Every structure is written in structure tokens, then in C-alpha cells.
Amino acid sequence: MAYVTLSSGAAPEPELETALREHVGRQIGKLARPSRIIWTDDLPKTRSGKIMRRLLRDIAEDREPGDVTTLRDPSVLAQLQRSATPGKH
């Protein structure tokens, strides 16, 4: 799974998703191509601005997130969980 934040003006289109997968396949290797791409405006970060990768793994593996008391903006986590769950957008 890959979490992707688009620049302003870009739209999450199927062609872009395909192009991203192919780019990863060429640059890193075909085994690294993400099976899913989650479009997001932001990532869960601590108050000091560090990305909480543990929470991204929890979302990808459909687990309940652990301690989230250090999140700068808890709404980001809720948005990612909705986006990662098929049928809940």
C-alpha cells in the first residue's frame, strides 16, 4: 500500500494510479509496486512533525491503532482509515 499526497491542481485519476505503480516498478522493482494507493491530504504526524509510520502500518494491516495521544491532528487518522477501508469513502 502507498499513501500519496498530490500537489495542488492534480486529481487522483486511474491513469495517475497506473503511472505511479509503473514508476515504482521501474525505479525500485516490480515486487515493490503497491497493490493499493491511498490518496491523502496529510499524514499522521506528531506535534513535532514526525510522520507516525506505526499508524500507517496499522491502517495498511487493518489493525486498531495503538496510542494516538501524540498526534497533531487526529482527524487525519480518521480520514486515512475511511480511505483505506473499501466501501467507506
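## Exercises on a predicted model

Glu17 is partly exposed, with 21% relative accessible area. The model is predicted.

**Exercise 1.** State which residue Glu17 meets in a salt bridge, and how the two are placed in helix H1.

*Solution.*
1. The side chain of Glu17 meets that of Arg21, at 3.1 Å from N to O.
2. A salt bridge requires the nitrogen within 4 Å of the carboxyl oxygen, and the pair Glu17 and Arg21 is listed at 3.1 Å.
3. Both residues belong to helix H1 (residues 14–27), four residues apart, which puts about one helical turn between them.
4. In general, an α-helix has 3.6 residues a turn, so residues three or four places apart point the same way.

**Exercise 2.** Work out which salt bridges Asp58 forms with Arg54 and Arg63, and whether Asp58 is buried or exposed.

*Solution.*
1. With Arg54, the closest N and O atoms of the salt bridge are 3.9 Å apart.
2. Arg54 and Asp58 are both in helix H2, separated by four residues, about one turn.
3. With Arg63, Asp58 makes a salt bridge of 2.6 Å, N to O.
4. The cut-off for buried is under 20% relative accessible area; Asp58 has 6% and is therefore buried.
5. Arg54, at 32%, is partly exposed, and Arg63, at 42%, is partly exposed too.
6. Through shared partners, salt bridges join Arg54, Asp58, Glu61 and Arg63 into one network.
7. The count of salt bridges comes to six.

**Exercise 3.** Find which residues of helix H3 are buried, where they lie around the helix axis, and what covers them.

*Solution.*
1. Helix H3 covers residues 74–84, and its buried residues are Val76, Leu77, Leu80, Ser83 and Ala84.
2. Viewed down the H3 axis, these residues fall within an arc of 130 degrees, so they line one face of the helix.
3. Their cover includes strand E1 (2–4), strand E2 (37–39) and helix H2 (53–60).

**Exercise 4.** Describe the chain as a whole: its elements, its buried share and its charged side chains.

*Solution.*
1. The chain has three helices and two strands, in the order β-α-β-α-α along the sequence.
2. Its C-alpha trace spans about 40 × 30 × 30 Å along the principal axes.
3. Of the 89 residues, 26% are buried.
4. Among contacts with a separation of 6 or more, 49% come from residues 24 or more positions apart.
5. The accessible surface is about 6,300 Å², and carbon and sulfur atoms hold 51% of that surface.
6. There are 15 positive and 12 negative side chains, with the centres of the two sets 6 Å apart.

Terms used
Residues numbered from 1 in each chain as written. Predicted model: local features only at pLDDT ≥ 70, side-chain atom pairs only at ≥ 80, totals over all residues. Heavy atoms only, no water. Buried < 20%, exposed > 50% of the residue type's maximum accessible area, 1.4 Å probe, protein only. Arc of directions from axis to C-beta. Contact = heavy atoms within 4.5 Å. Areas by Shrake-Rupley, 256 points an atom, 1.4 Å probe, with all protein chains shown as cover. Lys, Arg positive; Asp, Glu negative; His and termini not counted. Charge placed at Lys NZ, Arg CZ, Asp CG, Glu CD.
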